[in-house]
Amino acid sequence: MFWKKTAAASAVAVMSMLLPFAATAQEASLDEKINQAIAPISNVIAGFMFYSVPVGGTAFPLIVGWLVIAATILTLYFGFVQFRKFGHAISLVKGDYSHPDDAGEVSHFQALATALSGTVGLGNIAGVAVAVSIGGPGATFWMILAGLLGMASKFTECTLGVKYRNEYEDGRVSGGPMYYLSKGLAEKGKPGLGKVLAIVFSVCCIGGAVGGGNMFQANQAFQQIVNVTGGDESFLAGSGWLFGLVMAIVVGVVIIGGIQSIAKVTEKVVPFMAVIYVTAGLVIIISNISMVGDAFAQIFIGAFTGAGVAGGVVGALIQGFKRAAFSNEAGIGSAAIAHAAVRTKEPVTEGYVALLEPFIDTVVICTMTALVITISGELNSGLTGVELTSAAFASAFTWFPLILALAVVLFAFSTMLSWSYYGLKSWTYLVGEGKGKEIVFKLFFCLCVIVGASMSLGPVIDFSDSMIFAMAIPNIIGLYLLMPVVRGEVKQYWAKIESGEIKKVK
Amino acid sequence: MTDQPILVGYDGTDAAQRAVDYAGKRASAEGCAIHLVYVLEWSPYSFLSPQELEDRHKRRSEELERAEHTLKPALDTLGKLKIPVTSEVRYGHSGELICAIAKEKNASQIIVGRKGGSALGARLLGSLPLTLVQASPVPVTVVP
């Protein structure tokens, strides 16, 4: 979901060093002031989080390695669960194992759909374009591989999310890494460590929610709207605050006003947009079916030769891994919060369902974007990001950029709604529940929408991206310590299936 | 006296009340029981926001409680007529569920009320009586 321009980040870093001098010359504008205030902190945190080691001539951020290594270890530990139990996952989503008496409760499908609406977004459209424009078609291969490995991380975190959730007396449920870190590690005799990791996770999650899950989304959505309405000449150019205000009011009406009907409309439109996007992609791919073989050849050859790519094979690999991790959030822990609400007696069932998430997000949607870009021949046009994807689809359907702009705004909106919830859960974990405390966070969240849309806050975005990836540090430490618990859950679940205690109802 | 009950679709509206009154007369005449079904429309494939996911279980308990409360007057009315009456509240697609329950309970017929919506609306959106007329395994009576 989050795509980062390393070049832009370093440019911002240079800019922020020069800014104090520039600012003395004239009255500093508000966004410059905010940038100045935040840049020193943001630079340190971003520098730490995205600490990169040079590998084969390109910078490799260690945090991406941290995510991919965890995904690989979990894949091996659970014996390639993502391939062995893929069919079982589909059958769970279809409701084959759902008891009819549980009708009216949250189904596996609903938990998956809600979690997906939080992850499918800009990463699938823009992030992939960045990956193939820098890493070449070969980056796609590594992206798919990372997506497949990430399925094991999702499986683990979502199983834990359900197992250690809180069920309140009034029937509400609340789960996520903060609960499995604190409760799970307490069970393992490490209550202190669990508490610290849970608090670190919550703080980072709040940062990620208002940053990457909010300001970044508002900012990119506005940029895309300006682009389709005429770029710099657009009547909207420079009135980001207005766009932000409208967006903030709509978000506020949903999260503060509790007007779920707007959320409902979005939840219906977003899958629809996703379907349009995938259908358009498929039409382009099928109508150029003769070129698909060639595109896959480019993807495979590019993956192992790195021809024409800065950094060769390693360059392609890094780009692919990075975008996959940014897009499907496997190992970050965010999805476990949404998945925890499902109605099931067996936590591991939600784990199986959750492993479909990186598959749909990365292996299907991202791959399709990459194929369309490769087939369209726009790869060497010098474009990148949303503009590249837009141009690639426009080569087949001239009207597509408009649809894409609408999709970007809606994806941004649904991502904001999901993250407002993730942030709120972390906030209430830290300060306790209560109407007043929740309103404070929600108002702050809406304010951030306006700020995000109206300003070019490079350092703030940098900071929030860092916070989202920082969530992976406590979360993955927890996954390593708690993976035997998940293995235990798997064993007892399959014992019940074999004994016939759990069986298909359809 | 037959052991096949009459199945009545009920949702607390005036139309449903008319169906209950009519079914009461039929049941007295035939000397059979009445089974009231209250279906809460629900699809396991609908989309919910994260907040709705969290509240779902709580909401469901509240909805079930409210439905039982809504059923009360109908149960009382029929009880006064000395008709043996049972009821259930279920989540799902009303047409499919009522047909399924009719089979399950071996009902002799289904009686539902008609809200009197326009023909066009019913054609576009579908209506419970129309669905039942097309799919029901037993005779269907629609009370205007």
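This briefing describes two chains, A and B, their helices and strands, and the contact between them. The model is a predicted one, and the values below were computed from it. Chain A contains 22 helices and 4 strands, and buried residues make up 56% of its 506 residues. In chain B, the main topic is an open sheet of 5 strands with parallel pairing.

**Chain A as a whole**

- If one takes the contacts in chain A that have a separation of 6 or more, residues 24 or more positions apart account for 81% of them.

**Helix H19 of chain A**

- Helix H19 of chain A covers residues 400-431, and because each residue should add 1.5 Å, its 32 residues should span 46 Å, which agrees with the 46 Å that separates its end C-alpha atoms.
- H19(A) is mostly covered, since 25 of its 32 residues are buried.
- Just after H19(A) comes A:Gly432, which takes a positive phi of about 95°.

**Helix H22 of chain A**

- Helix H22 of chain A runs over residues 472-499, and at 1.5 Å a residue its 28 residues should span 40 Å, while its end C-alpha atoms are 37 Å apart, which agrees.
- A bend of about 50° is found in H22(A) at A:Leu482, and a proline, A:Pro484, follows within four residues.
- The buried residues of H22(A) include A:Leu479, A:Leu482, A:Val486, A:Val490 and A:Tyr493.
- For reading such a list, it helps to know that an α-helix has 3.6 residues a turn, so residues three or four places apart point the same way.
- H22(A) is followed by A:Gly500, whose phi is positive and near 90°.

**Two residues with an uncommon backbone angle**

- Most residues other than glycine have a negative phi.
- A:Phe80 is not a glycine, and yet its phi is positive, at about 55°; this residue sits in the loop between helix H3 (62-77) and helix H4 (81-84) of chain A.
- A residue counts as buried from 20 C-beta neighbours within 10 Å and as exposed at 12 or fewer, so A:Phe80, with 14 such neighbours inside 10 Å, counts as partly exposed.
- B:Asn106 also is not a glycine and has a positive phi of about 55°, and its place is in the loop between helix H3 (94-104) and S4 of chain B.
- B:Asn106 has 11 other C-beta atoms within 10 Å, and therefore it is exposed.

**The sheet of chain B**

- The strands of this open sheet follow the order S3-S2-S1-S4-S5, and its edge strands are S3 (85-92) and S5 (140-143) of chain B, each of which pairs on one side only.
- On average, neighbouring strands of this sheet are turned by 25° against each other, with direction ignored.
- Strands of a sheet pair through backbone hydrogen bonds, either parallel or antiparallel.
- Strand S4 of chain B (residues 109-113) runs parallel to S5(B) and is joined to it by 4 bridges; B:Val112 stands opposite B:Val142, and B:Gly113 stands opposite B:Val143.
- S1(B) and S4(B) also run parallel and are joined by 3 bridges, with B:Gln109 in S4(B) as the bridge partner of B:Ile6.
- S4(B) is mostly covered, with 4 of its 5 residues buried.
- Helix H5 of chain B (residues 128-135) lies across S1 (6-9), S4 and S5 of chain B, and runs at about 165° to S4(B).

**The contact between the chains**

- The contact between the two chains takes 28 residues from chain A and 22 residues from chain B.
- On the side of chain B that touches chain A, helix H2 (50-80) and S3 of chain B each supply at least two residues, and H2(B) gives the most, with 11 residues.
- Sorted by class, this side of chain B has 9 nonpolar, 6 polar and 7 charged residues.

**One residue in helix H2 of chain B**

- B:Glu68 is found in helix H2 of chain B, and because there are 13 C-beta neighbours inside 10 Å, B:Glu68 counts as partly exposed.
- B:Glu68 and B:Lys25 lie 43 residues apart in sequence, and their C-alpha atoms are 23 Å apart in space.

Definitions and conventions:
Residues numbered from 1 in each chain as written. Chains lettered and ligands numbered in written order. Predicted model: local features only at pLDDT ≥ 70, side-chain atom pairs only at ≥ 80, totals over all residues. Expected span 1.5 Å × (residues − 1). Bend = angle between axes of the 7 residues up to and from the residue. Pairing = 2+ DSSP bridges. Axes fitted to C-alpha atoms, helices over the stretch in contact; angles between N-to-C directions. Contact = placed C-beta atoms within 7 Å. Nonpolar A, V, L, I, M, F, W, Y, C, P; charged D, E, K, R; others polar.
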